[in-house]
Each structure stands twice: as C-alpha cells, then as structure tokens.
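Colleague: I am new to this structure and should be grateful for a close look at one part of it, namely how its helices pack. Please begin with one helix pair, take it residue by residue, and then set it beside whatever else helps to place it.

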2 protein chains.
Amino acid sequence: MADITRRNFVKLGALSAGMVALGENTLSASALEQKGVKYDQEYDVVVIGSGFAGLAATITAAEKGLKVCVIEKMGRFGGNSIINGGLFAVVNSPKQKAEGVQDSIELYLKDMLKAGLNMNHTDNLKVIAARSADALKLTEKCGAKYYEKLSHLGGHSIPRTYLTSTASGAGIVQPMLSYAEKLSNVILKNRTKFDDFIADDSGRIVGVVIREDYKFDMKALDDNAENKTGDIKYIKARKGVILASGGFCRDTFLRSMQDPSIPLECDTTNQPGATGEVIMKALELGAVPVQMSWIQWGPWASPDEKGFGTASNFNINATFRYGITVDTKTGKRFMNELADRRVRSLAMFDVIGKDQNYPINICDQAAVDKIIPDLTAKALASGVVKKFNTLDELAAAYKIPVAELKKTVEAYNGYVTAKKDTEFGKPVQGVEGVQVSKPPFYGTRGVPKLHYTMGGLKINDKAQVICTKTKKPIPGLFAAGGVNGGIHGASRLGSCSIPDCLVFGIVAGENI
Amino acid sequence: MADITRRNFVKLGALSAGMVALGENTLSASALEQKGVKYDQEYDVVVIGSGFAGLAATITAAEKGLKVCVIEKMGRFGGNSIINGGLFAVVNSPKQKAEGVQDSIELYLKDMLKAGLNMNHTDNLKVIAARSADALKLTEKCGAKYYEKLSHLGGHSIPRTYLTSTASGAGIVQPMLSYAEKLSNVILKNRTKFDDFIADDSGRIVGVVIREDYKFDMKALDDNAENKTGDIKYIKARKGVILASGGFCRDTFLRSMQDPSIPLECDTTNQPGATGEVIMKALELGAVPVQMSWIQWGPWASPDEKGFGTASNFNINATFRYGITVDTKTGKRFMNELADRRVRSLAMFDVIGKDQNYPINICDQAAVDKIIPDLTAKALASGVVKKFNTLDELAAAYKIPVAELKKTVEAYNGYVTAKKDTEFGKPVQGVEGVQVSKPPFYGTRGVPKLHYTMGGLKINDKAQVICTKTKKPIPGLFAAGGVNGGIHGASRLGSCSIPDCLVFGIVAGENI
C-alpha cells in the first residue's frame, strides 16, 4: 500500500499550460486518495459517533436498506447523549395539544434567535422545528417513554419540553441502541477511532481510516494527540460518511483557543471523549468553521458534585421554574431564573466572584410536587439538594440574611400572584401559581459548568457538510448534532440539543 | 511536473505494520509536496500582503539580509492599511511622556480585556504592548509623521493614540512602501495572488504557488472562487512564508457563516480584496481557527457616503471625544460616546431600528479647534458634516425636538464641569473641559459599518502559526496582523490594529 497518496488536488496538466482551472477545484487535498487503498471492510454508510445524532442517522439509513457501520471511540456507546438530561423540545407536539399550549415554528424561531443573539442559522433551525415531532415519533418507535407533563425551560416562551421517564438521555439512547442492534444491516463498533477521510478522484468522500481496539486514555492530557493504540483499518463507505461526533467541551486546547478565559481545570457536564478532532479534520477538507468561539455554561449545576450530576435536572425542573435564586450575601434575587443559559451564567459568575460565593437555588414543596419524584429523590440522596422545615432553617444553613430572604420571597410570591415579575422579568405567568410558601423548602448551591459548544461545521438542509471554497456540499460527507455549528447561535436554549441531533440524524440518514 | 503530489502525511510504511505513528504526524497534508516542483523563482521569504503587517515584516527581514518577495493580490499596494484612519495606540510613548499621561502595559491589557470581554489572548497582547514603541520608531525611520497631540479614543482609559499627519494609514504605508522599494533585496509584486502552500518532506512550508498578472474582478460575487486569471508560478521561500493578508470583512460568504445577521449588502470600511482565502488555506494545513465569529462594526461612519469616508475620523476625533450623540426622535443621548465599538454599535442599531432613524453626532467649535484642521475641512467638503450657527438650526435640520436637545446639552455640559457623567459613564474627565457650547455647531448622521474581523489564525509570541494537532508551530509559517485571531477578543479597541500589525510584522521578520 506504499503507493497511497493524498489527493493531488491542483490539476498539474492544466497548470503547465500557464492558465489554471483553480476555480474548478472543488475540494482540498486533505484526504487519502482511494487509488491504492485496499479496504479491510466495506459498508454503504459509516457513522462516526453513537449519540442521538449517530443513532438516528443509523436507524434511518438502515431502514432504507443500507448497510451501516457505527464507530464509537469510547468503550461505552452513547457519547454525551447517554448522560444528557433527557429534555427534548418538540414544536407543535401531542403533549402541547393535550395541555392546550399554543406553539408554532415562528415562536420557536423567535425564542431561539433571542437566546442566540440573532446569530442562528435559521435555514437549519426551520428544519429542526418542522421535524422535531418526527424525531419524537422515531424515539417512541424505538421504545422511549416520556414523563406525562411538559416542562417549561428557561428562554422558552411556553412549555415545550418532553422529559424522558428516566430523566436522562439514556431514556432515548438505550432504546435506540437496542433497536439498532437488532437490525441485521447495522454493525456497532466501540473502541474504534476515526483517523482520516478517504476520497476518490472526484473528491467525493468514499471511506475512512479508523483504528479498532482503541483504548482511550483517561489520564492523557490530550488523548487525541498522544494515544497511539489500535489497529488501522481502511473502511469503504459506498454512499458516504456521517459525522455525529459531538462538540468539544472536553478539548482543553481547542476551547481555550476560542475562549482563553475558560479555566483549564473547570468542571464540565461532558464525557471525556468530547473532543474536537473530527471537526478539525473536516476543516482540513475545507469545511467551514462556524461560530466556534461560542461556548456555553450550564447554570444549573452544583459545586458539590462532579459533572451534570443530580442537581442539574432538579434545578432545571423545580427551582428555576418554580423557585428563586438568591445571593447569600444579600438574600436577594439577581436574575430572571428562566432567562437563557448565557444570561443566567454571566449573572451567577458575577455573584460567585473570586470568593466562591455560590448562589442558592430555592423552591418549596409545591414545586417538588410538580416534578418527577425520581429527580428529587436522587438529588436528596446525593446530598446536593437539602430539605428544610422553614425558611429560617434554610437561611441559617446557607448563611443568608434571613430578614432579607423573607422580603425577597414575599416580593417574588407577589409577582406570582400578579402574574408579572416587575423586577427581573421572569415569565411567572407560566408557573401555575406556585409560590415559595409551602414547607418544606429545598435549597441547593449553584454553579455554572461548561456544557455545550455552539460552534462546528456548516450543514445545509440535507445535512450535507458545506465547503468554504465552493459554497457547495463536500460530496459524500454529512453531519448531524453537536459537531455542527451556527444552529444555536450565541447560546443554545435548554432541551434544543436532542431535537437538533435527532432531526439532522434522520435527515442525514434520509439523504445519504 | 506531473509527478507533483500532495504531501502524503500518513506514513504508510508504519501503517502496514498495523500500529500507526499518527501521534507523530505533525501536519495535515494540504500543501503541495516539494518533490517534483520546479521553482520559477527563489527567495528567502515570501510575504503575502502589503499592508502594515506585510511591510513591517518585509523591512525587518530584508534589513537582516534576507531576500524578500511581497505579493499583493490587488493592483494597489497597501491593503486596508492605506485606507485606514491612521490612528495608532502606543503604550508608554514619547508623546504620553510629553503630555504627562501615565500609561502601563497593565492598563493597556485592562482596557483591551474589558472591550474584548476577557476573551483576548493575552500572550499576544503583551508582545504588542511591550513593542508598540519599537513599531512607532520603525515607521518614523521610514518617514512617517504624526499629528502633535495624542487622541483619546473610545474604550481607552487614557489618551494613547497617535494620528498620522495625513489622518490616514497612508501616512504610514506610503513611507514604508517607499522605504521597502529602495531596499535592493526586496521585490514587490502587485496583481499577484497566493493559491497554495508548498511543503517539504518534514512538513515545513518552503514555498507557495502564486498567480502573477492576476486581475481582481470587482464585479464578481466571489472573486476568489470565480477568478481564473493569472499565470501560475512556483516560488521557493527558503526561510518560510509570512501571512499578512488581513481580515475578511468583504468575504460575504465567510462572514455570513459566522454571523448570518450581517446583511449581504451592508456597507463596510474595507477594500474589496479583504477576503478570507488565505485564512481558509491555512486552516487546511491544520492551523487553529480562533474566534472567527466576532466581527466588528465601526460606529463612527456616515450613511451619506461610502466606506470609511470623511466622517469617520471627524467623529472619532471630534464628536465622540468632545461631543454627544443623540436620538433624533427624543433629543436625548443614549450611550457613552467613548464606550468600545461593540457597545456603541449595538446602541446605535437599537436607535436606527427599522425606520433608519440615524442618530446625530454633535460637537461645537471648541471641539473642532482641538483636532487636525484637515479632518474638518474634508468632512465639510464632502457634505457629510454640516455646520450650524445655533443648536436651534441644527435641531431643525435633523428634526430633533429642540427643547429636549437643549436639555440634553445642558445636562452633558454639567457632567463636563463636574468631571463625571452620571448618566452614561463617559470619561468626561478626559475631554479637557470642552462642552457643547461654542458656536458654530457641527452635526453628522451616524451609522455603524462593518469594520474588522477579530478572528483568524493563532500565533505564538514569535508570530509562528500554531497547529491544532501538535499545539506547536507549523514549521516555516508565520502570520501578522488581521489574518490572526484572538488578540482583540470580542471587540477590538480603536487604534489597536496598527500596533498589532506592525509589532507582529516586526516579530515575524525577526524570527523567520
């Protein structure tokens, strides 16, 4: 195989004539040239990544009769999706109809653009909005179950969000994995890493170089650069390759290049494999890097446990919707608890400051009665959420000036009654009259954790990866989910990753 | 030359052994392989671009004895630099000493980080701060002249800014160009376009493919993709290549990928050649894309002329420093006229809204007496700045409620007297007591125009381009000026591009 070469992109015959057809060159050269490659395995489709996007693409492509190989770098399938909070925004959904919630594609776009500072790629957003209900159906076909009530998440004008019955993305990933495993034309390979693209003469992506038996090194500073394990295989993908490798929150180098203010050792909700090597390899093909410097903190985590933990879903569902967040020093609220993630995280970091003055998220029993009991049980068991008989006890535990806290609670309860928060503009008209008044009370210390990279590759409405030079798709290359950029603009709204991943996974599977 | 190939980066000998040395691969394959290339011309250094950065690199490299070839895509040398406003922030400068202004590297960083939302790459910033006075000296050696007084620009805590005697970047570019032309070891080629990199076996960049006699097509929607003019030449660069090709404000595709809210037809202060093809080609080598979605509007332009025009420097020097900006509908101020560009542009767009309600920048004769007379003469001659005997006349001309305007002026004058703007926090202590009170009065309609792309490539303190995969320099590849990213974070302060370009041009020239 010593005659394998990189694609020789500049046409040298043309060059020697003095005039060059550079405008016709449609791709960069950074893929192995197919000529000379002896394939170890052949499939119709190779999917890189096994989270929501990869599984939706796999099932969709397989069900139209294609032979699909899914590769997953880690030992465990499911990527970040399997540890995700299981919140899934669906536009014009059955539950919205049942609950009498009026939604529309326009309203969804309005909410997304507000959080995204108008930087969102609306061509992609419209596809997600139009097909999120299809994505929901796919998960239900695979066996996913949802909590009966909709959630109302920060930044959404209305309740729009399904929650899996397990209160985790695993509630979608596990059924989809089981479903995919039963399909005879699907091969799932874990511990298998993508290394390179293979292209044919025309520049079409027709395969990948992978390493099987890859052992991800949890202790490496930079696994991607340092890790040399695994056996090289050349894999043909007759119809093309679908990138579903997610974002890069755990890529300390790439994220610090985008935002040097992110501490090297800060906590994140992401799994260790969430690094950027697939994105970067696609950029070498000439793919467009879109909005890679927008990196999101999730405002609902706890400094008293690692990662997403048990506090996040409790705060998302109970305290931020039905309760308040206060500064321990003042006993006062300082933000709209249902603002988008960026706005809340910035406000919280202002309070946390240099002396780690973590704000306290507070709600009452009426709030807890509204949410799935499992969430509360888990959060109490882990010790990050604490229960108090009175506001006095809560204030004492967190050293909050109690008189100020009571004033704050009284004012907030007034806003709930008046259905208008004149102080911070929280949409209290949607909290169903729940105040902070029915004992016991629940408190949890809050901290934002690195959660999501908004940036990545640019795709069109067929999930094809766009090339900067040609403004057209790179033939044979598709992408879905967190690997893409621009869809969420400056800040992704909660529960909008699952529909993004699933819808574009489906679209990629349909179009490949 | 039909045997020229792309560098075959993956070591295939190693591959066939089953274990692969991918971790040792230091570069992507997207450069022509030197083997087989017959060079048409040979130099020590090739510099791509002929603005501040390119010229500083050229003169520095040439003066240490290297043979330098500068290529410039356009017919005219000087890029954006030659139409730049000629404002040059120098830290710890001779004029600061003369005027008794206390500056420091720390204060400069503080100002830059505030405007940059803490996203700035401080490793680069420190180099600029430490060497901006060296850069000033280089320009003076070449014959550049400066207006005698320092300017105090928006976002700077103190006066720090030199203004060329011609009130334009041409006041630096022309002398540097003349100086470079006289050096016997410098070749300047206009109408010459960079197309590709050439690398040797080790991955070092050792040359470029260019097209001579390139005819930039002003009418093309996308000159870079469509234009096939020019004669291909293979150029050896024994010591390496310096990228000084600037930012991409005129690249409608790339900028809309980063921020789709930017209107396709919006006006910009940039020259037509300010497109992103060199940045994108470096990304194909594996260079890091840094903060490419931060694109800046300049708040000081006029809707009544094209481009940077004559109003911009008048507003920068006179109205924003010594005057006020008001909403015609209310007669009221709505921003700190010396806030950074991002803050001011957002505030102005809020006022402009959908009905093109352009705000009015206002100052008086005392302000005009403070600035270089040429600026006022040019701005009056072009008709974009208008002179009025009274505030009543000014209010009538722009349809501002006159009583409100007078109240606004009175309040502002009070802030100047008190040396504290309690309304918008403008640092009026630095306006030398100039109020809006001495007739005649000057008015100009204001609009932000697309001005600067903060993003681009990552360089280290030696101006070497960093590779994502290795975290190390790409051998033989240097970059300076607008082609780089991260230095200015979310928003570049005014007058900080010239020192960035010149300092890293010098550093690249020193280190190549």
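Modeller: In this predicted model, a good place to begin is the contact between helices α2(B) and α16(B), to which α2(B) contributes Phe52(B), Ala53(B), Ala56(B), Ala57(B), Thr60(B) and Ala61(B). Facing them in α16(B) are Ile498(B), Cys501(B), Leu502(B), Gly505(B), Ile506(B), Gly509(B) and Glu510(B). Sorted by class, this contact holds nine nonpolar residues, three polar residues and one charged residue.

The geometry of a helix pair can be put briefly: two packed helices are described by the angle between their axes and the distance between the axes. Helix α2 of chain B covers residues 52–63 and helix α16 of chain B covers residues 497–511; their axes come within 7 Å and cross at roughly 30 degrees. An angle under 35 degrees counts as roughly parallel, and α2(B) and α16(B) are therefore roughly parallel to each other. Their crossing is right-handed.

A second pair in chain B may be set beside this one. Helix α5 (residues 122–142) of chain B packs on helix α6 (residues 170–182) of chain B at an angle of about 65 degrees, and the two axes are 8 Å apart. The angle makes α5(B) roughly perpendicular to α6(B), and the crossing of α5(B) past α6(B) is left-handed. On the α5(B) side the contact is formed by Leu138(B), Thr139(B), Lys141(B) and Cys142(B), while α6(B) supplies Ile172(B), Pro175(B), Met176(B) and Tyr179(B). The classes here are six nonpolar residues, one polar residue and one charged residue.

A third pair belongs to chain A. Helix α14 (residues 391–398) of chain A and helix α15 (residues 402–418) of chain A have axes that come within 9 Å and cross at roughly 125 degrees. That angle makes α14(A) oblique to α15(A), and α14(A) passes α15(A) in a right-handed crossing. From α14(A), Leu391(A), Asp392(A), Leu394(A) and Ala395(A) touch Val402(A), Leu405(A), Lys406(A) and Val409(A) of α15(A). This contact counts six nonpolar residues, two charged residues and no polar ones.

Helix α15 also leads on to a loop with some backbone features. In chain A, Lys419(A) lies in the loop between α15 and β15, and Lys419(A) has a positive phi of about 55 degrees although it is not a glycine. The loop between α15 and β15 (441–445) of chain A also holds Pro440(A), and the peptide bond from Pro439(A) to Pro440(A) is cis, with omega near -5 degrees. In chain B, Pro440(B) is found in the loop between α15 (402–418) and β15 (441–445). There the peptide bond joining Pro439(B) to Pro440(B) is cis, with omega near -5 degrees.

Finally, the wider setting in chain A. Its domain assignment gives domain 1 (29–294 + 454–511) and domain 2 (302–449). Taken over C-alpha atoms, the centres of domain 1 and domain 2 of chain A are separated by 32 Å. Their contact involves 29 residues of domain 1 and 22 residues of domain 2. About 2000 Å² is buried between these two domains of chain A, with carbon and sulfur atoms giving 53% of that area.

Terms used: Residues numbered from 1 in each chain as written. Chains lettered and ligands numbered in written order. Predicted model: local features only at pLDDT ≥ 70, side-chain atom pairs only at ≥ 80, totals over all residues. Heavy atoms only, no water. Axes fitted to C-alpha atoms, helices over the stretch in contact; angles between N-to-C directions. Helix = DSSP H or I, 4+ residues; strand = E, 2+ residues; numbered from the N terminus. Parallel < 35°, antiparallel > 145°, perpendicular 65-115°, else oblique. Left-handed = near helix turned anticlockwise from the far one by under 90°. Contact = heavy atoms within 4.5 Å. Nonpolar A, V, L, I, M, F, W, Y, C, P; charged D, E, K, R; others polar. Domains from an automatic or database assignment. Buried area = accessible area lost by both parts, 1.4 Å probe.
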